[in-house]
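Ready to work through a protein by hand? Below are some exercises, each with a solution you can follow step by step. Try each one yourself before reading on.

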Amino acid sequence: MRLIGAIFLLGWSLLQSFFAHRLSTKAGIVAFREKFAADRLPNVTKEERDFLTQASGCIACGLCNVGEGVAIARSKGEYAGPMDLALASSRNMPDYDAAIASIAHVSEDRLRIIEAICPGRVPLVELTRFIRRKAEDARKMGESATAT
Ligand code: SF4
């Protein structure tokens, strides 16, 4: 009897997932944003994907962290320097709230100076703007998900 129940349940779940996918009126970006809102994972455009490729050129040389010791210490653990921004904080969009707390400790002017010496040509200023935009987008996705 339990086997029949399990087979029925599996069959029912299969039918549900089969028809839910085909009968859904939502598709593309709308469906993606709805599905990943709870994960705080916004969609990216083709231009943003190209930008992320360009922004991933860090070779971990550490040059950008030179002179950042005071800002790092003053941040009490929120800011680990531009190398962390290039290599870690900017890599996972659901964690961008932490990245925003980090980049609050370094100015765009300072990052512009660092960009000029960066051998990996990492566009740090634009990267911080991207992080702010996507964190805001993730926040809005979360709000609309809880409102529905
Ligand atoms: S200077 Fe550029 S390449 Fe070197 S660690 Fe910093 S971001 Fe990476």
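**Exercise 1: Helix 5 and its cover**

Task: find the buried residues of helix 5, then say what covers them.

Solution. Start with the list: Pro82, Met83, Leu85, Ala86 and Ser89 are the buried residues of helix 5. Keep in mind that you're looking at a predicted model. Next, look at what sits over them: the cover includes helix 6, helix 7 and helix 8.

**Exercise 2: The largest nonpolar core**

Task: work out which residues touch the most other members of the largest nonpolar core, and which elements supply this core.

Solution. Step one: the core has 23 residues, and those touching the most other members are Ala86, Tyr96, Val122, Leu124, Leu127 and Ile131. Step two: helix 5 (82-89), helix 6 (96-103), helix 7 (108-117) and helix 8 (124-147) are the elements that give two or more residues to it. Step three: helix 8 provides the largest share, with seven residues. As background, nonpolar side chains tend to be buried together in soluble globular proteins.

Now zoom in on one member. Leaving out residues up to four places away in sequence, isoleucine 131 touches Ser90, Tyr96, Ala99, Ile100 and Ile103.

**Exercise 3: Two packed helices**

Task: describe how helix 7 and helix 8 pack, and name the residues that make the contact.

Solution. Two numbers do the job here: packed helices are described by the angle between their axes and the distance between the axes. For helix 7 and helix 8, the angle is about 135° and the axes are 8 Å apart. An angle over 145 degrees would count as roughly antiparallel, and 65 to 115 as roughly perpendicular, so this pair is oblique. On the helix 7 side, the contact uses Glu108, Leu111, Arg112, Ile114 and Glu115, while helix 8 brings Leu124, Val125 and Thr128. Sort the contact residues by type and you get four nonpolar, one polar and three charged.

**Exercise 4: Buried, exposed or in between?**

Task: classify arginine 132, glutamate 34, alanine 60 and lysine 76 by their C-beta neighbours.

Solution. The cut-offs are 20 or more other C-beta atoms within 10 Å for buried and 12 or fewer for exposed, with partly exposed in between.

- Arginine 132, in helix 8, has 14 such atoms, so it is partly exposed. Its C-alpha is 9.4 Å from that of isoleucine 103, although the two are 29 residues apart in sequence.
- Glutamate 34 belongs to helix 2 (residues 28-36) and has 15 neighbours, so it is partly exposed. Its C-alpha is separated by 26 Å from that of alanine 88, 54 residues away along the chain.
- Alanine 60 has 9 neighbours, so it counts as exposed.
- Lysine 76 has 8, so it is exposed too.

**Exercise 5: Unusual backbone angles**

Task: say where alanine 60 and lysine 76 lie, and what is notable about their phi angles.

Solution. Start from the rule: most residues other than glycine have a negative phi. Alanine 60 has a positive phi of about 60°, and it lies in the loop between helix 3 (46-55) and helix 4 (69-74). Lysine 76 also has a positive phi, about 55°, and sits in the loop between helix 4 and helix 5.

**Exercise 6: Around the ligand**

Task: how many residues surround the ligand, and which are the closest?

Solution. There are 14, and Cys58, Cys61, Cys64, Cys118 and Gly120 are the closest. Split by type, this shell has twelve nonpolar residues, two polar and no charged.

Key. Residues are numbered from 1 along each chain as its sequence is written. This is a predicted model: local features need pLDDT of at least 70, side-chain atom pairs count only at pLDDT 80 or more; totals for chains, interfaces and linings use all residues. A residue is near a molecule or strand if its C-beta atom, placed from the backbone, lies within 6 Å of it. Ala, Val, Leu, Ile, Met, Phe, Trp, Tyr, Cys and Pro count as nonpolar, Asp, Glu, Lys and Arg as charged, and the others, Gly among them, as polar. Helices (H or I, at least four residues) and strands (E, at least two) are DSSP runs, numbered from the N terminus. A nonpolar core is a set of buried Ala, Val, Leu, Ile, Met, Phe, Trp, Tyr and Cys residues joined through C-beta atoms within 7 Å. Two residues are in contact if their C-beta atoms, placed from the backbone, lie within 7 Å. Axes are lines fitted to C-alpha atoms, for helices over the stretch in contact, and angles run from 0 to 180 degrees between N-to-C directions. Angles under 35 degrees count as roughly parallel, over 145 as roughly antiparallel, 65 to 115 as roughly perpendicular and the rest as oblique.
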